[in-house]
Amino acid sequence: MAIVLAIVGLLLGGLLPVISGQMDQQRRNETRKYMDEVRDALLGYAISTANKRLPCPDSNGDGTAEAACTTAAQQIGTLPYKDLGVAEKDTYGNVLVYAVTKEFADSTTHFTLSTAGTMRICTTGACTANLTNNAAAVIVSRGANWANTPSTDEAENTDGDTDFVSHDFVQNGYDDMVIWISPNILFNRMVTAGQLP
Ligand SMILES: [Ca+2]
Ligand SMILES: [Ca+2]
Ligand SMILES: [Ca+2]
């Protein structure tokens, strides 16, 4: 009996990390899918006749975009999920970080085909290597360790400036997921929808 229990214990001990690893991967896949939906919703918001711009971030946590975001600080907040009509939270139970280049969210001076994005997506915390220097908007899921101390690279995603870090998952080091909207994709959708030029 003791031997059987010992064997069962060994088997379970070996299986648990595998199962927990699969659950982690599933959560990441679901969050990635959610973020793709959010990106589509942002593009749809922009091409709608009522808006012709991206939404401002939500800065007071009520799920709706602030009416204006004309200062540098107002460009970064959380996702206005109510305005977008998407789920409130990612699979980790958190609202996504959302940042937008203010010119792309200006409801008075709407953006044109020559508007430049100012959000930088870097592969290192010091931004010595960049994936892009001119994203129109950025969304970030902070992953499973939201409430814990973030790594240096992760801290870059919530320090309120226009630099973000995106790179591969690092065990106990980096589990954020970052998606951005290129101005070129946005221009393409706007022109296709007849909202620009
Ligand atoms: Ca709000
Ligand atoms: Ca994280
Ligand atoms: Ca930053």
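Below are four short exercises on a predicted model, each with a worked solution. Residues are numbered from 1 along each chain as its sequence is written, and chains are lettered from A in the order in which they are written. Local features need pLDDT of at least 70, side-chain atom pairs count only at pLDDT 80 or more, and totals for chains, interfaces and linings use all residues.

**Exercise 1. Outline the chain: its elements, span and burial.**

Step 1. Take the elements as DSSP runs, numbered from the N terminus: helices are H or I, at least four residues, and strands are E, at least two. The chain has four helices and seven strands. Their order from the N terminus is α-β-α-β-β-β-β-α-β-β-α.

Step 2. Along its principal axes, the C-alpha trace spans about 75 × 35 × 30 Å.

Step 3. Call a residue buried if 20 or more other C-beta atoms, placed from the backbone, lie within 10 Å of its own. Of 197 residues, 32% are buried.

**Exercise 2. Describe how α1 packs on α4.**

Step 1. Two packed helices are described by the angle between their axes and the distance between the axes. Axes are lines fitted to C-alpha atoms over the stretch in contact, and angles run from 0 to 180 degrees between N-to-C directions.

Step 2. Helix α1 (residues 2-47) meets helix α4 (residues 183-192) at about 50 degrees, with axes 9 Å apart. The pair is therefore oblique, a class for angles that are not under 35, over 145 or 65 to 115 degrees.

Step 3. List the contacts (C-beta atoms, placed from the backbone, within 7 Å). Helix α1 supplies Leu43, Ala46 and Ile47, and α4 supplies Leu186, Arg189 and Met190. Five of these residues are nonpolar, none is polar and one is charged. Here Ala, Val, Leu, Ile, Met, Phe, Trp, Tyr, Cys and Pro count as nonpolar, Asp, Glu, Lys and Arg as charged, and the others as polar.

**Exercise 3. Find the largest nonpolar core and follow one of its residues.**

Step 1. A nonpolar core is a set of buried Ala, Val, Leu, Ile, Met, Phe, Trp, Tyr and Cys residues joined through C-beta atoms within 7 Å. The largest has 37 residues.

Step 2. Val100, Ala137, Val138 and Ile139 have the most contacts inside this core. Elements giving two or more residues include α1, β2 (97-100), β5 (137-141) and α4.

Step 3. Beyond four places in sequence, the contacts of Ala137 include Leu42, Val100, Phe104 and Trp180.

**Exercise 4. Is Ser141 buried or exposed?**

Step 1. Locate Ser141: strand β5.

Step 2. Count 28 other C-beta atoms within 10 Å, so Ser141 is buried.

Step 3. Beyond four places in sequence, its contacts include Thr31, Met35, Asp90 and Met177.

Definitions and conventions. Buried ≥ 20, exposed ≤ 12 C-beta atoms within 10 Å, placed from the backbone. Contact = placed C-beta atoms within 7 Å.
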